[in-house]
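Reader: I'd like to learn how the words used for a protein model are earned. Can we go through them together?
Author: Sure, ask away, and I'll set each value against its rule.

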Amino acid sequence: MKFSEMPYKRIDMDEVKSFFTKLISDSKNAKSGEEQFELHKKYYDFINEIKSNLVIANFRHDCDTTIEEYAKEKDYIDEILPGINQLETEYLKVVFESPYRDFLEQKISKVAFKNMELANNSINDKIIPLMQEENALISKYDKLIASAKIPFDGEEYNLSLLRKFLTADDRETRKRAWKAYSDYFTSVTDEIDDIYDKLVKNRTAQAKELGYDNYVELGYNRMNRNAYRRKEVEGFRKQVKESFVPFVCEIQELRRKNIGVDALKYYDNEVYFTNGNPAPTGTPEEILKAGQEMYRELSPETAEFFDFMTENELFDVLGRKTKKQGGYMDFIPKYKSPIIFANFNGTSGDVDVITHECGHAFQGYVTRDIEIKEHNDLTMETAEIHSMSMEYFTYQWMDKFFGDRADDYRKMHLMDSITFIPYGCMVDEFQHIVYDKPEMTPAERKAVWADLEKQYRPWLDYEDDEFFVNGGFWQKQGHIFWQPFYYIDYVLASVVAMEFKVWMDKDFNEAWKHYLQLCNLSAKDFYENELAEAGLESPFKADTVKNLVEELKKKI
Ligand SMILES: [Zn+2]
C-alpha cells in the first residue's frame, strides 16, 4: 500500500486501557501454554496496530512540520506514549512470570525472556523521579549543543554547518575552523561538565536504589546486553589496543603522505586528499535513481526491496525547508513496510542513506513476515551489522555516485571505518571508568580522557590547544550523555561488517548468501550464536580482531 493511502487512526487511550486490563486478566487465568500464547498473538495484533499509527503520525509530521493537524497528533502521541509503555510492561511481567514458561520460551525465544528479565531488573516506581530528571538533563545538553552559534569568517554557524570547514581543502581554513570549534566548547565546557556530573550522580543513584554497586551493571541491562557483559567487552577492547591501534597509526602515516604535510595535526583529522574529500556528482534525484539501479543489480532480493520502497512512497529523502532535520529508518508493522526519512543535501551523507539506512530497511523488509514480534527485537550491535555491511556490499557501485572519484571514496570509507574502531573503544572505556568512580571531579574526568587518547589515538597532536590537550574532546559525543555504553555497539558491528568485507573480496556470492542468512535470523537467537550460524567469528573470541587486522592490512 502507498504511504499516502495508509489509513491513520488516532489512538484511543480508553480502548488501550481496557484492552490491556482484559489481556492481563485473561493471560493470568490461562489454563495452558497454548492458551496463553494465543492471547499473546492478540497482543501482537493490537500493538502492531498502535505502533503503525505511531510511526505514520511521526513520519507525516517529520515530512512537513508546518501542518498543524500533524503537529497536534505528534503532541498527542508524546503525551500518551509513556502510558502505553507502562501497560505493555505490566502485561509482559505476566508473561515473564507464566507457569508455562518452557512452552512460551520455545514459541517466543529464550532471548525474549532474557530481555524481559533485564527490563524487570532495570526499573521500579521509586526511581521514576530520577529518570525524569535524567531526561531533563539530556534535553538540556541537546539544547545547548543545538543552540551553538559559532562565529567564523564573519558568519555565524551551528555545529553541523561548521563541520564542512573542519575538513576544508585549505589547511589554514580548517585550522581556523578548529580554533572556532574549540573556542565554542571552551565557552560552555563548565556547563557541560555540570550537566554530565549531575547525569553520572543521577544514574549512580538509580543503580543504588535498585541494589547495584554502581551504574555499569544497570547500564548493561538497559542496553539489553543479553549475551555478553563487561568481561567480554573488556577483552575486546584489549584486542583492539593491541592490534588496531598500531594499524591505525600506519594508516595515519599514509594519510600524512597523501595530504602532503610534514606532521599531522588535529586540524588534519578526517582529511584524506589534497583535492578535498569526494562528494557525489549527481543531484539528490539522481542519487536516488542511482540507488535504484544499484539495488536492481546487486541481487533479486534488493531489487524487489527497492522497487517496493519506491512504488509505495516509503522514501522521503529529498531536502525541503518544511521537513524536520536528520534521517532515520522505521517500520510500519501493519503494512509490513520499512520507511526512510532523510534530507539530501548533495554531500556524501546522501550516499550513506542509500547504503547504510537502506541496509537497515532491507533487513526490515526481508523479515517483514515474521509473526513473532520478539524475533525482530534487535539489539544495536546486531542491527548495525545489517547497515554497516551494506556499505561494503555496495562498494562496486560507487562510481554511480562519485564518478571518477569512486576509488577515493572507497579508500576514504575503509580508512575512516578502521580509524573509528579505537576511538569507539575509547568512548566505551571512558564511560566504564567514569561510572566506576562517580565521585571523580570534572577535571579528573578530563584527565582520564586525555590519558585514554594517548593509548587509543597516539598519533593525535593537539599542539597548544588547551581545551583538547586537557581532555575535553568527549563533550561533543552525544552518546556519552544520551545512553551510557551504547557506543561500543557501533564498534562491534563495524568489526563484523569488516569480516564481511574480507569475505566478499574472496567470494562475493558466498558472503552475500550469509549476509542474507544473518538478516533473516534477525533477533531469534543470542548474538554469538547467530554470528556462528552465519559463518562469522565473534569479536569476543581470541584472535578474531588480530586476524581481521592482518586481512585488512592487505587492502590498504
Ligand atoms: Zn545505523
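Reader: Where is R296 found?
Author: R296 sits in helix α11, residues 284–298. Helices here are DSSP runs of H or I with at least four residues, strands are runs of E with at least two, and both are numbered from the N terminus. Before we go on: this is a predicted model, where local features need pLDDT of at least 70, side-chain atom pairs count only at pLDDT 80 or more, and totals for chains, interfaces and linings use all residues. Residues are numbered from 1 along each chain as its sequence is written, and side-chain values use heavy atoms, with hydrogens and water left out.

Reader: Why is R296 called partly exposed?
Author: Buried means under 20% relative accessible area, exposed means over 50%, and partly exposed is in between (1.4 Å probe, protein chains only). R296 has 48% relative accessibility, so it counts as partly exposed.

Reader: What makes the link between R296 and D307 a polar contact?
Author: The rule asks for a pair of N or O atoms within 3.5 Å; within protein, one must be able to donate a hydrogen and the other to accept it, and residues adjacent in sequence count only if both atoms are side-chain atoms. The side chains of R296 and D307 are joined at 3.1 Å. R296 also touches A303, not counting residues up to four places away in sequence; touching, or contact, means heavy atoms within 4.5 Å.

Reader: Is E381 buried or exposed, and how do you know?
Author: E381 is at 2% relative accessibility, so it counts as buried. Its place is in helix α14.

Reader: Which side chains make polar contacts with E381?
Author: One is T379, at 2.8 Å. Another is T382, at 2.7 Å. Leaving aside neighbours within four places in sequence, E381 is in contact with R225, Y228, D489, L492, A493 and Y527.

Reader: What about T382: why is that residue called buried?
Author: T382 has 6% relative accessibility, so it counts as buried. T382 belongs to helix α14, which covers residues 380–393. Beyond its neighbours within four places in sequence, T382 is in contact with S522, Y527 and E530.

Reader: What is unusual about the phi of S522?
Author: S522 has a positive phi of about 50° although it is not a glycine. Most residues other than glycine have a negative phi. S522 lies in the loop between α21 (508–521) and α22 (527–533). With a relative accessible area of 1%, S522 is buried.

Reader: Where is E270, and what is its phi?
Author: E270 lies in the loop between α10 and α11, and its phi is near 65°, a positive value in a residue other than glycine. E270 has a relative accessible area of 34%, so it is partly exposed.

Reader: Which atoms coordinate the zinc ion?
Author: They come from H356 (NE2), H360 (NE2) and E384 (OE, listed twice), at 2.1 to 2.5 Å. Donors are N, O and S atoms within 2.8 Å of the metal (3.2 Å for Na, K and Ca); water is not among the atoms, so sites may look incomplete.

Reader: Why is the site of the zinc ion called irregular?
Author: Four donors count as tetrahedral if all angles lie between 85 and 135 degrees; four count as square planar and six as octahedral if opposite donors are over 155 degrees apart and all others between 65 and 115; anything else is irregular. The angles among the four donor atoms of the zinc ion run from 53 to 138°, so the site is irregular.

Reader: How are the donors of the zinc ion spaced along the chain?
Author: They follow H-x3-H-x23-E. H360 lies in helix α13 (residues 348–366) and E384 in helix α14, so the pair ties together parts that are 24 residues apart in sequence. H360 and E384 are both buried.

Reader: How do you know that the radius of gyration of the chain agrees with a compact globule?
Author: The radius is taken over C-alpha atoms, and the globule rule is 2.2 Å times the number of residues to the power 0.38. With 556 residues, that gives a value near 24 Å, and the chain has 24 Å, so the two agree.
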